[in-house]
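Q: Please take me through the labels used for this structure. Each label should be set against its rule.

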Amino acid sequence: MKKVIPALAVLITVIICLSGCGKYTSHYNATAFVHSNESDSAFMSFWQFEGNMVFKLKIKETDARLSYTAKLGTGSATVYYDCGDGKTELCAVNAGDETQASLDGLKPGTVYVIVEADGHCGNGDFR
C-alpha cells in the first residue's frame with residue numbers, strides 16, 4: 001500500500017500538468033459532428049453545434065497563406081486566429097452565409113484557429 005500512494009500521486013501530478021498544455025481549449029456540445037486537425041489543415045462539419053472548437057496548425061514557410069471556407073445554415077459564429085499576437089477576428093458567419101477567403105503573410109510557427117458559436121448553430125462546415 002505504501003508504494004501505491006506515491007505512484008498514484010505522481011500519476012495525478014502528470015495528468016494535471018498535461019491538461020494545461022494548450023493555449024486555448026475546445027468546449028462544445030454537438031450532434032452529427034465530424035472534425036479533423038492535422039498540422040497543415042483542419043475542418044469541422046456538424047448538424048448542431050454550440051460552444052467553441054480550437055484547431056492548432058503549424059506554419060512552416062515564410063509569408064504563408066491561410067485559406068478558409070465557412071458555411072452555416074442556422075445561427076451565427078465568429079472565427080478567430082492567433083499567430084502569437086493575440087486573438088484576432090478572421091471572419092463572422094451568419095445563417096445562410098458562405099464565406100471563402102484567405103489570410104496572407106503568416107510567419108512560421110503555430111497558428112490557432114478558433115471557431116466560436118454565438119449560441120446554437122446548425123448545418124455548418126468550416127475548413
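A: A polar contact is a pair of N or O atoms within 3.5 Å, and within protein one must be able to donate a hydrogen and the other to accept it. The model is predicted.

Q: What makes the side chains of Thr78 and Asp118 a polar contact?
A: The limit is within 3.5 Å. The side chains of Thr78 and Asp118 are joined at 3.5 Å. Therefore the pair counts as a polar contact.

Q: Where is Thr78, and what does Thr78 touch beyond its neighbours within four places in sequence?
A: Thr78 is found in strand 5. With those neighbours left aside, Thr78 is in contact with Glu89, Cys91, Ala92, Ile114, Val115, Glu116 and Asp118.

Q: Why is Thr78 called buried?
A: Buried means under 20% relative accessible area. Thr78 has 9%, so Thr78 is buried.

Q: What makes Arg65 and Asp104 a salt bridge?
A: The rule asks for a side-chain nitrogen of Lys or Arg within 4 Å of a carboxyl oxygen of Asp or Glu. Here the closest N and O atoms are 2.6 Å apart, so the pair qualifies. The bridge links distant parts of the chain: Arg65 is in strand 4 (residues 64-74) and Asp104 in strand 7 (residues 98-106), 39 residues apart.

Q: Why is Arg65 called exposed, and Asp104 partly exposed?
A: Exposed means over 50%. Arg65 has a relative accessible area of 55%, so the label is exposed. Asp104 has 48%, which makes it partly exposed.

Q: How do you know that Glu116 and Lys87 form a salt bridge?
A: Their closest N and O atoms are 2.5 Å apart, and the limit is 4 Å. The pair links distant parts of the chain, with Glu116 in strand 8 (residues 109-126) and Lys87 in the loop between strand 5 (76-82) and strand 6 (88-94). Glu116 has 22% relative accessible area, so Glu116 is partly exposed. Lys87, at 40%, is also partly exposed.

Q: What makes Asp125 and Arg127 a salt bridge, and how many salt bridges are there?
A: Their N to O distance is 3.1 Å, within the 4 Å limit. The count comes to 4 salt bridges. Asp125 has 16% relative accessibility, so Asp125 counts as buried. Arg127, at 45%, is partly exposed.

Q: Why is the pair Tyr24 and Tyr112 called edge-to-face?
A: Planes over 60 degrees apart count as edge-to-face. The planes of Tyr24 and Tyr112 are at 70°, and the ring centres are 5.4 Å apart, so the label fits. Tyr24 lies in the loop between helix 1 (4-19) and strand 1 (27-31) and Tyr112 in strand 8, so the pair ties together parts 88 residues apart in sequence.

Q: What makes the pair Phe33 and Phe49 tilted?
A: Stacked needs under 30 degrees and edge-to-face over 60. The planes of Phe33 and Phe49 are at 45°, so the pair is tilted. The centre to centre distance is 5.5 Å. Phe33 and Phe49 are both buried. They belong to one aromatic cluster with Tyr28, Phe46 and Phe126.

Q: Which residues have the most contacts inside the largest nonpolar core, and which strand gives the largest share?
A: Met44, Phe46 and Phe126 have the most contacts inside this core of 28 residues. Strand 3 gives the largest share, 8 residues.

Notes
Residues numbered from 1 in each chain as written. Predicted model: local features only at pLDDT ≥ 70, side-chain atom pairs only at ≥ 80, totals over all residues. Heavy atoms only, no water. Helix = DSSP H or I, 4+ residues; strand = E, 2+ residues; numbered from the N terminus. Buried < 20%, exposed > 50% of the residue type's maximum accessible area, 1.4 Å probe, protein only. Contact = heavy atoms within 4.5 Å. Core = buried A, V, L, I, M, F, W, Y, C linked by side-chain atoms within 4.5 Å. Phe/Tyr/Trp six-rings, centres within 6.5 Å; stacked < 30°, edge-to-face > 60°.
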